[in-house]
Amino acid sequence: MKTIQVLEQLANIAHYNNQFDLLVNTLPNEIKKAFLKNDGELVKSLISNKEYFADEVDVAQI
Amino acid sequence: MQNIIKNASLIIVGSGIKFMSHLTIEAKANIEQADKVLYLINEPLMESWINEANPNTESLEKLYTNYTLRNDSYHAITRYILEKLYEQKHICVVIYGHPTVFAKPALEAVIEAKVEGYYAKILPGISAEDCLFADLLINPGSVGCQSFEATDLLVHRRKIDPSCHLILWQISIIGELTHVKKIHPEKGLKMLLEYLKKYYSLNHEVILYTAAQYPGLEPVITRVRLEQLPNTIPLRLSTLYIPPSNKSSSDKFMLHLLTQ
């Protein structure tokens, strides 16, 4: 299963549901390791190394 | 009453912070049904999902890199959104987080679109601040809450009330007015410490907070003493939370006037 599908399904499952761990186990190995380390930035960079600036959408008015 | 243009509209939606988990039903419907979807997203899976959900999509990311100053980029994004609207289409713009919370371009587009007689609306999304309130167990109404962009706080010497919750945004790019590929906040954090020292003791505990971006992940919460702030390396999406350091006294005379 593609990473996007796994994470889309995870969004629909309560954390205590048995399906949760089963789904995490289907992630590609490197992404799964980063996921289990709770390293969201690493998960993102493993999915794509594209640069995004959309978290900068405001700037001080001088 | 002003006539509303019927064959075109502008709907701005927030995608929230956590992939898919925070996307509302109304945001999803507007993305799927728009004539054209423009987006500013900071995450590859959300970008893929948008491209699957609607065949006519376009990233606004390119407009960031055309300008050195971020303010110029944001102005160009506003102009581009309006340009597409003026082609008489139903436009949906997707913005990461909440579309008007510390996000300038779409808000300005909606204001102008309304003046021009278009149906234009902003649909709320979950912001980093909403996640912070939930994860740090904070009720912003308990003692009031101040929320500033970190650079703005310093440049305008905003007044802090240390009896309130204080939230400082974009802490990792403090002092930066241009696009930042690699963060170097050391100098800005030192200057921030100098400013905050006027209001808080050096051993006051502060929290660097980063919301979880994927379902199943936990937020990153780092507690440090204020004096350690310049030695920390915030994550790119970190927000600084400073808890109240004292209690404000109540004005008994005011209370009397209000309740008599």
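Biologist: Let us start with Glu32(B): what is its relative accessibility, and how does it count?
Modeller: Glu32(B) has a relative accessibility of 37%, so it counts as partly exposed. That class falls between buried, under 20% relative accessible area, and exposed, over 50%, with a 1.4 Å probe and protein chains only. Please bear in mind that this is a predicted model, in which local features need pLDDT of at least 70, side-chain atom pairs count only at pLDDT 80 or more, and totals for chains, interfaces and linings use all residues. Residues are numbered from 1 along each chain as its sequence is written, chains are lettered from A and ligands numbered from 1 in the order in which they are written, and side-chain values use heavy atoms, without hydrogens and water.

Biologist: Understood. Which residue forms a salt bridge with Glu32(B)?
Modeller: The partner is Lys28(B), and the closest N and O atoms of the two are 3.8 Å apart. The term requires a side-chain nitrogen of Lys or Arg within 4 Å of a carboxyl oxygen of Asp or Glu.

Biologist: And where do Glu32(B) and Lys28(B) sit in relation to one another?
Modeller: They belong to helix α1 (residues 25-33) of chain B, and because they are four residues apart in that helix, about one helical turn separates them. Helices (H or I, at least four residues) and strands (E, at least two) are DSSP runs, numbered from the N terminus.

Biologist: How does Lys28(B) count by its relative accessibility?
Modeller: Lys28(B) counts as partly exposed because its relative accessibility is 33%.

Biologist: How many salt bridges does the structure hold over all chains?
Modeller: Twelve, taken over all chains. Another one in chain B joins Glu58(B) and Lys36(B), whose closest N and O atoms are 3.2 Å apart.

Biologist: Which strands do Glu58(B) and Lys36(B) come from?
Modeller: Glu58(B) is in strand β3 (residues 57-59) and Lys36(B) in strand β2 (residues 36-40), both of chain B. With their positions 22 residues apart in the numbering, the pair links distant parts of the chain.

Biologist: Are Glu58(B) and Lys36(B) buried or exposed?
Modeller: Both Glu58(B) and Lys36(B) are buried.

Biologist: Turning to Glu205(B), what is its salt-bridge partner?
Modeller: Glu205(B) pairs with Arg223(B), with 3.4 Å between the closest N and O atoms. The first of these residues lies in strand β8 (residues 205-210) of chain B and the second in strand β9 (residues 220-225) of chain B, so this salt bridge ties together parts that are 18 residues apart in sequence.

Biologist: What is the relative accessible area of Glu205(B)?
Modeller: The value for Glu205(B) is 38%, so this residue is partly exposed.

Biologist: Which residues are joined into one network by salt bridges that share partners?
Modeller: Lys36(B), Glu58(B) and Lys62(B) are joined in that way. Two members of this network, Glu58(B) and Lys36(B), are the buried pair discussed above.

Biologist: Let us step back to chain B as a whole. How many helices and strands has it?
Modeller: Chain B has nine helices and ten strands. Its C-alpha trace spans about 55 × 55 × 35 Å along the principal axes.

Biologist: What share of chain B do buried residues make up?
Modeller: Of the 260 residues in chain B, 53% are buried.

Biologist: A word on one of the helices: where does Val155(B) lie?
Modeller: Val155(B) is part of helix α7 of chain B. Since its relative accessibility is 43%, Val155(B) counts as partly exposed.

Biologist: Now the backbone. What is the phi of Asn38(A)?
Modeller: Phi of Asn38(A) is near 60°, which is positive in a residue other than glycine. Asn38(A) sits in the loop that runs between α3 (29-36) and α4 (40-47) of chain A. With a relative accessibility of 22%, Asn38(A) counts as partly exposed.

Biologist: What about phi in Phe102(B)?
Modeller: Phe102(B) is not a glycine, yet its phi is positive at about 50°.

Biologist: In which loop is Phe102(B) found?
Modeller: Phe102(B) is in the loop between β4 (90-95) and α5 (105-115) of chain B.

Biologist: Why does Phe102(B) count as buried?
Modeller: Phe102(B) counts as buried because its relative accessibility is 19%.
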